[in-house]
Amino acid sequence: MKLIVGLGNPGIEYQFTPHNAGFLAIDRIADDAGAVVANRRGKALTGRAILAGQEVLLAKPETFMNLSGLSVAALVQELGIDPSKDVIVLYDELALPLGTIRIRERGSANGHNGVKSITGVLGTEDWIRIRIGVGKPPAADGREIRAGGSNYLLAPMKKAELTALDEVLDRVKLAVEAVLTEGVGPAMSKFNAPPK
């Protein structure tokens with residue numbers, strides 16, 4: 001069984017913030033698969049689903065972002081799976097512009113506290129991740145616009161941003177399916193290019 005984890009913060013006040021892109025991706029996958037993510041186990045809300053013909057466990061940690069690793073480790077141990085092969089984590093990435101995603105087999109936290117927590121508890125950076133861009137797109141003249149860190153990440157998204165994220169969530173689901181059916185390398189080739 002594969003474990004698909006979306007990172008975010010529990011609570012209605014965080015629901016549509018950039019930092020909850022991982023939760024929103026899990027919700028989209030669950031909706032499309034006809035699954036319900038409501039069972040409490042491993043410090044997370046979970047739900048079983050069939051995705052790309054494989055049984056997966058969808059999870060949304062209830063530990064808050066900075067302690068996400070506690071939930072991931074508990075689920076990995078309960079399921080008896082190998083984090084480097086059987087775990088896919090979906091999370092927001094401020095360094096990527098909204099509308100983009102990146103698949104990686106391993107990597108550093110890049111300042112993301114949820115990722116730091118997972119790496120710290122698992123003791124390895126070797127786990128598959130799909131980074132969902134939530135950063136500001138470049139200005140018309142090409143200058144990069146820096147978003148305001150945690151203030152930006154925890155503020156509700158504007159309607160136009162939610163519309164852009166909505167389209168990305170469909171691509172995240174397809175990217176997860178590609179990782180499951182084709183493997184990480186082919187999925188990276190297909191999804192890591194900037195959207196046309």
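In this predicted model, the side chains of Arg-48 and Glu-55 meet in a salt bridge, with nitrogen and oxygen 2.8 Å apart. Arg-48 is partly exposed, its relative accessible area being 44%, and Glu-55 likewise falls in the partly exposed class, at 39% relative accessibility. Side chains of opposite charge can pair when their charged atoms come close. The count of salt bridges in the model comes to 12, and several further pairs can be described together with the elements in which they lie.

Asp-27 forms a salt bridge with Lys-60, in which the closest N and O atoms are 2.7 Å apart. Because Asp-27 belongs to helix 1 (residues 21-33) and Lys-60 to strand 4, this pair ties together parts that are 33 residues apart in sequence. The two partners fall into separate accessibility classes: Asp-27 is partly exposed, with a relative accessible area of 24%, whereas Lys-60 has a relative accessible area of 13% and is therefore buried, the limit for that class being under 20%.

A salt bridge also joins the side chains of Arg-131 and Glu-93, here with an N to O distance of 3.3 Å. Arg-131 is located in strand 7 (residues 128-135) and Glu-93 in strand 5 (residues 87-97), so that the pair ties together parts separated by 38 residues in sequence. Arg-131 is buried, with a relative accessible area of 13%, and Glu-93 is buried as well, with a value of 4%. In addition to these pairs, Arg-28, Asp-166 and Asp-170 are linked in a network of salt bridges.

Attention then turns to the annotated residues. According to UniProt, in an unreviewed entry, the feature "binding site" is placed at Tyr-14, Phe-64, Asn-66 and Asn-113. The lining of the largest pocket includes, of these residues, Tyr-14, Phe-64, Asn-66 and Asn-113.

Asn-66 is placed in the loop between strand 4 (54-61) and helix 2 (68-79), and with a relative accessible area of 47% this residue is partly exposed. When neighbours within four places in sequence are left aside, Asn-66 is in contact with Asn-113 and Ser-117. Asn-113, for its part, is found in helix 4 (residues 113-122) and counts as partly exposed at 36% relative accessibility. Asn-113 touches Met-65 and Asn-66, residues up to four places away in sequence not being counted. The contact between Asn-66 and Asn-113 thus joins two residues to which the UniProt record assigns the feature "binding site".

Asn-9 lies in the loop between strand 1 (2-6) and helix 1. At 7% relative accessibility, Asn-9 counts as buried, whereas Asn-66 is partly exposed. A polar atom of the Asn-9 side chain lies 2.8 Å from the backbone nitrogen of Met-65. With residues up to four places away in sequence excluded, Asn-9 touches Tyr-14, His-19, Asn-20, Phe-23, Phe-64, Met-65 and Leu-154. Among these partners of Asn-9 are Tyr-14 and Phe-64, both of which carry the "binding site" feature in the UniProt record and are included in the lining of the largest pocket. Met-65 is touched by Asn-9 and also by Asn-113.

Methods: Residues numbered from 1 in each chain as written. Predicted model: local features only at pLDDT ≥ 70, side-chain atom pairs only at ≥ 80, totals over all residues. Heavy atoms only, no water. UniProt positions renumbered as here; feature names shortened; annotations may be inferred. 1 Å grid on protein atoms, 1.4 Å probe; cavity = no way out; pocket = protein on both sides within 12 Å on 5 of 7 lines; lining within 4 Å. Helix = DSSP H or I, 4+ residues; strand = E, 2+ residues; numbered from the N terminus. Buried < 20%, exposed > 50% of the residue type's maximum accessible area, 1.4 Å probe, protein only. Contact = heavy atoms within 4.5 Å. Salt bridge = Lys/Arg side-chain N within 4 Å of Asp/Glu carboxyl O. Polar contact = N/O pair within 3.5 Å; in protein donor to acceptor, adjacent residues only side chain to side chain.
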